[in-house]
Amino acid sequence: MEIEDLGLPGLKLIRPRRFADARGWFSETWNAREMAAAGLAHDFVQDNHSFSAAAGTLRGLHYQAPPAAQTKLVRCVAGAIWDVAVDVRRGSPTFGRWAAAVLSAENGAQLLAPRGFLHGFLTLTPKAEVIYKVDAHYDAACDGAVAWDDPDLAIAWPLAEAGVTAPILSDKDAAAPRMAQFASPFVYDPSPQEGEA
């Protein structure tokens with residue numbers, strides 16, 4: 001697997017190798033032994049699968065607060081998404097900064113967003129399907145969100161590329177608070193992230 005740092009501590013873009021022949025291809029999307037050797041040891045406990053019917057659907061920016069904080073390994077298995085993560089670890093040298101990548105069924109890339117990041121994505125195609133692994137079980141009491149269009153974050157969502165002027169949002173995401181009202185429960189630890197060597 002090719003692993004790329006995205007400029008925010010712990011945030012990685014992972015490109016699994018594909019083995020192709022006349023029939024198609026095969027890819028190993030997660031290998032605990034290989035990832036641990038690369039300093040990324042995670043005990044994933046739950047897989048989630050989302051389907052978005054329309055291009056321009058925006059899900060986020062979401063988080064799970066401690067003690068149910070989650071590292072996420074995100075991939076798109078149908079269509080394409082623009083996937084974004086925002087560092088909200090208090091004391092982090094990159095607090096409030098974001099990074100993004102296009103994940104698609106075609107490119108097979110995956111985003112590894114550690115605990116302490118907001119996460120969201122915009123569908124660039126209709127019928128987009130996203131599968132992601134998490135290393136803690138969902139807990140409704142720890143569930144939260146921050147406004148996708150917060151001016152302090154200034155995320156450059158590619159709405160035009162998705163063919164929309166305004167995204168399709170859930171009621172929850174439309175009502176999410178701004179960063180100014182968000183008291184981050186995450187604290188930056190300059191030692192290696194949990195699951196990293």
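Let me begin with one residue, Gly-120, which is buried, with a relative accessible area of 0%, where buried means under 20% relative accessible area, exposed means over 50%, and partly exposed lies in between, using a 1.4 Å probe and protein chains only. Gly-120 lies in strand E11, and here I should say that helices (H or I, at least four residues) and strands (E, at least two) are DSSP runs, numbered from the N terminus. The C-alpha atoms of Gly-120 and Ala-176 are separated by 13 Å, although these residues are 56 apart along the chain.

Before going on, a word of care about the source: this is a predicted model, in which local features need pLDDT of at least 70 and side-chain atom pairs count only at pLDDT 80 or more, while totals for chains, interfaces and linings use all residues. Residues are numbered from 1 along each chain as its sequence is written, and side-chain values use heavy atoms, with hydrogens and water left out.

Now the chain as a whole. There are 3 helices and 13 strands in the chain. The radius of gyration of the chain is 16 Å, close to the 16 Å from the globule rule for 197 residues, so the chain is as compact as a globular protein of that length; the radius is taken over C-alpha atoms, and the rule is 2.2 Å times the number of residues to the power 0.38. Along the principal axes, the C-alpha atoms fill a box of roughly 55 × 40 × 30 Å, and 51% of the 197 residues count as buried.

Let us turn to the sheet. Which order do the strands of the open sheet have? The 6 strands follow the order E1-E2-E10-E7-E12-E5, with antiparallel pairing, where two strands pair if DSSP finds at least two bridges between them. At the edges are strand E1 (2–5) and strand E5 (46–52), each of which pairs on one side only. From one strand to the next the twist averages 25°, with axes being lines fitted to C-alpha atoms, for helices over the stretch in contact, and angles running from 0 to 180 degrees between N-to-C directions.

We can walk across this sheet from E1. Strand E1 is joined to strand E2 (residues 12–15) by 4 bridges, antiparallel, and Glu-4 has Leu-13 in E2 as its bridge partner. The hairpin of E1 and E2 has 6 residues between the strands, and in this hairpin Gly-7 takes a positive phi near 90°. Strand E2 is then joined to E10 by 3 bridges, again antiparallel, with Ile-14 partnered by Gln-110 in E10.

Gln-110 in E10 is also the bridge partner of Arg-75, which brings us to strand E7 (residues 72–78). Between E7 and strand E10 (residues 110–113) there are 4 antiparallel bridges, and between E7 and strand E12 (residues 128–134) there are 6, also antiparallel. Val-74 stands opposite Tyr-132 in E12. How many of the residues of E7 are buried? The count is 5 of its 7 residues, and the strand is therefore described as mostly covered. The walk ends with E5 and E12, which pair in the antiparallel sense over 7 bridges, with Ser-50 opposite Val-130 in E12.

Finally, the empty space. Rolling a probe the size of a water molecule over the atoms shows where empty space is left. On a 1 Å grid over the protein atoms alone, a cavity is a set of points where a 1.4 Å probe fits but cannot get out, a pocket is an open set with protein on both sides within 12 Å along at least five of seven lines, and lining residues have an atom within 4 Å of a point.

The largest pocket holds about 270 Å³ of space, and its lining has 16 residues, with Asn-48, His-62, Lys-72, Tyr-132 and Asp-143 nearest its centre. Strand E6 (58–64) gives the most to this lining, with 4 residues.

The structure also holds 1 cavity of 30 Å³ or more, and about 80 Å³ of space lies in the largest cavity. Which residues lie nearest the centre of the largest cavity? Of the 13 residues lining the largest cavity, these are Tyr-63, Gln-70, Lys-72, Pro-114 and Phe-117. E6 and E11 each give two or more residues to this lining, and E11 is the strand in which Gly-120 lies. As for the volumes, grid points are joined across faces, edges and corners, and a volume is the space filled by probe spheres set on the points.
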